[in-house]
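Me: Please take a close look at one part of this structure, the surroundings of a few chosen side chains, and give the cut-offs behind each term as you go.

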Amino acid sequence: NIVHFGVASGQQRAVWKGHTLRVIALEISSPWLASGSGDGTTRLWKLSDGSHRTLPSPAVGASTVTFSPDGAVLATGGARGDAEPLLHLWDPATGQLLRSIDTGERQPQDAQWTTDGRRIVIGTRNSVARIHRVEDGSLIHEIVLPDEWNIKSVAVGGGGLYAHGNWGRPRMWTLPVHLGGLAPSVASTFP
């Protein structure tokens, strides 16, 4: 279930039902709320009334759901162990699959768009961060972390790529603003 609260009032407005197992990822981009669940489904909810649609196969649930900066594309990544190592890009207005991006050997754990919406950073379960062009899905660069741990989350901004995983502390790589001729290096490991 997804519980909708009013921000100003703090009062519960609605309970939206549809998933049969716990929700593990949420993202809002008006007029949509996207949710990924361990039940193998990704759902798009209309914020105005709570109506929803389930994205068709190949969506197999999502450990990451993230809208592009303009809200025109939704990226979802698999949550289940049998999920394909793909990040799916959807048109939220139609539910149409636009493209699938190969994330390498393991399923995506998290994904974040660059501010211009032209690239997406994907953190995978085998300690690899991959940067892809959205228009064609091509790989720009891959960063292999020295640890053999899952990446749990990634963030892009402030001139860097940040990653966090089972190793317990975030790491940051400095990136050129254009992200095209990438030559990242570990800039900081936080205590």
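Reply: What follows goes through four residues in turn, with their places, their exposure and their contacts.

This is a predicted model, in which local features need pLDDT of at least 70 and side-chain atom pairs count only at pLDDT 80 or more, while totals for chains, interfaces and linings use all residues. Residues are numbered from 1 along each chain as its sequence is written, and side-chain values use heavy atoms, with hydrogens and water left out.

Ser35 sits in strand S4, residues 32–37, where strands (E, at least two residues) are DSSP runs numbered from the N terminus. Ser35 counts as buried because its relative accessible area is 0%; buried means under 20%, exposed over 50%, and partly exposed in between, with a 1.4 Å probe and protein chains only. The side chain of Ser35 makes a polar contact of 2.7 Å with the side chain of Trp45. Such a contact is a pair of N or O atoms within 3.5 Å; within protein, one must be able to donate a hydrogen and the other to accept it, and residues adjacent in sequence count only if both atoms are side-chain atoms. When residues up to four places away in sequence are not counted, Ser35 touches Ile2, His19, Val23, Ala25, Leu26, Thr41, Thr42, Arg43, Trp45 and Val65, contact meaning heavy atoms within 4.5 Å.

Arg130 belongs to strand S13, residues 128–133, and is likewise buried, because its relative accessible area is 9%. The side chains of Arg130 and His132 are joined by a polar contact of 3.2 Å. With neighbours within four places in sequence left aside, the residues in contact with Arg130 include Asp102, Thr103 and Gly104, as well as Ile120, Val121 and Ile122; Leu139, His141 and Glu142 are also among them.

Asp116, by contrast, is placed in the loop between strand S11 (108–113) and strand S12 (119–124), and it counts as partly exposed because its relative accessibility is 41%. The side chain of Asp116 takes part in a polar contact of 2.6 Å with the side chain of Thr114, and the side chain of Asp116 also reaches the backbone nitrogen of Arg118 at 2.9 Å. Asp116 and Ser68 are 48 residues apart along the chain, and their C-alpha atoms are separated by 8.7 Å.

Val15, finally, is found in strand S2, residues 12–16, and is partly exposed because its relative accessible area is 34%.

Terms used: Helices (H or I, at least four residues) and strands (E, at least two) are DSSP runs, numbered from the N terminus.
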